[in-house]
Amino acid sequence: MYLTKEIKAEIFKKYAGSETNTGSSEGQIALFTHRINHLTQHLKANRKDYNTERALVKLVGKRRSLLDYLKNNDIERYRNIIKELGIRK
């Protein structure tokens, strides 16, 4: 499996501050970004996998709503997470 317990813990430790802080916006956005990147690679090889494509679109929407929430409440945290993950180009 591509997303093990250790990988999740590492993502949350790096972006959310600790492994147990799984509810933070930064940690969730980083986890969604990791999953989005994985699904994007999968869809490059499997173009007709429409269920995965739908899941990818839903994940992008969830990440977008979390980013909007962060942007409205704390613009500095929003700018930091965007820069760290390289979401905007």
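# Four helices, question by question

Reader: Among contacts in the protein chain between residues at least 6 apart in sequence, what share joins residues at least 24 apart?

Author: That share is 46%. Please keep in mind that this is a predicted model.

Reader: What makes up the fold, in terms of helices and strands?

Author: The protein chain has four helices and zero strands. Reading from the N terminus, the order is α-α-α-α. Along the principal axes, the C-alpha atoms fill a box of roughly 40 × 30 × 20 Å.

Reader: Why is Thr 52 called buried or exposed?

Author: Compare its value with the cut-off. Buried means under 20% relative accessible area, and Thr 52 has 14%, so Thr 52 is buried. This residue is found in helix α3. Setting aside residues up to four places away in sequence, Thr 52 touches Leu 39, His 42 and Leu 43.

Reader: Which other residues of α3 are buried?

Author: Besides Thr 52, the list holds Leu 56, Leu 59, Arg 63, Leu 66, Leu 67 and Leu 70. Their cover includes α2 and α4. For the protein chain as a whole, 33% of the 89 residues count as buried.

Reader: How do you know what span to expect for α3?

Author: The expected span is 1.5 Å times one less than the number of residues. Helix α3 has 24 residues, and the expected value is 34 Å. From its first C-alpha to its last, α3 reaches 35 Å, which is close to that.

Reader: Why does His 34 count as buried, exposed or partly exposed?

Author: The middle class lies between the two cut-offs, 20% and 50%. His 34 has 29% relative accessibility, so His 34 counts as partly exposed. Its place is in helix α2. Not counting residues up to four places away in sequence, His 34 touches Tyr 2, Leu 3, Ile 7 and Ile 11. Ile 7 is 27 residues from His 34 in sequence, and their C-alpha atoms are 9.9 Å apart in space.

Reader: And what makes Arg 77 buried, exposed or partly exposed?

Author: Try the reasoning again. The value for Arg 77 is 34%, between 20% and 50%, so Arg 77 counts as partly exposed. Arg 77 lies in helix α4. Leaving aside neighbours within four places in sequence, Arg 77 is in contact with Ser 25, Glu 26 and Leu 70. From Arg 77 to Leu 67 there are 10 residues in sequence and 9.8 Å in space, C-alpha to C-alpha.

Reader: Which residues of the largest nonpolar core touch the most other members?

Author: This core has 22 residues, and those touching the most other members are Tyr 15, Ile 29, Leu 67, Ile 81, Ile 82, Leu 85 and Ile 87. The elements giving two or more residues are α1 (5-16), α2 (25-45), α3 (50-73) and α4 (75-85). Helix α2 gives the most, with seven residues. In soluble globular proteins, nonpolar side chains tend to be buried together.

Reader: What is Tyr 15 in contact with, leaving aside its neighbours within four places in sequence?

Author: Tyr 15 is in contact with Glu 26, Gly 27, Ala 30, Ile 81, Glu 84 and Leu 85.

Reader: How many positive and negative side chains does the protein chain have?

Author: There are 19 positive and 10 negative side chains, and the centres of the two sets lie 6 Å apart. As for the surface, the protein chain exposes about 6,300 Å², with carbon and sulfur atoms supplying 49% of it.

Technical notes: Residues are numbered from 1 along each chain as its sequence is written. This is a predicted model: local features need pLDDT of at least 70, side-chain atom pairs count only at pLDDT 80 or more; totals for chains, interfaces and linings use all residues. Side-chain values use heavy atoms; hydrogens and water are left out. A nonpolar core is a set of buried Ala, Val, Leu, Ile, Met, Phe, Trp, Tyr and Cys residues joined through side-chain atoms within 4.5 Å. Buried means under 20% relative accessible area, exposed over 50%, partly exposed in between (1.4 Å probe, protein chains only). Contact means heavy atoms within 4.5 Å. Accessible areas come from the Shrake-Rupley method with a 1.4 Å probe; for residues, only the protein chains shown count as cover. Lys and Arg count as positive and Asp and Glu as negative; His and the chain ends are not counted. The place of a charge is taken as NZ of Lys, CZ of Arg, CG of Asp or CD of Glu.
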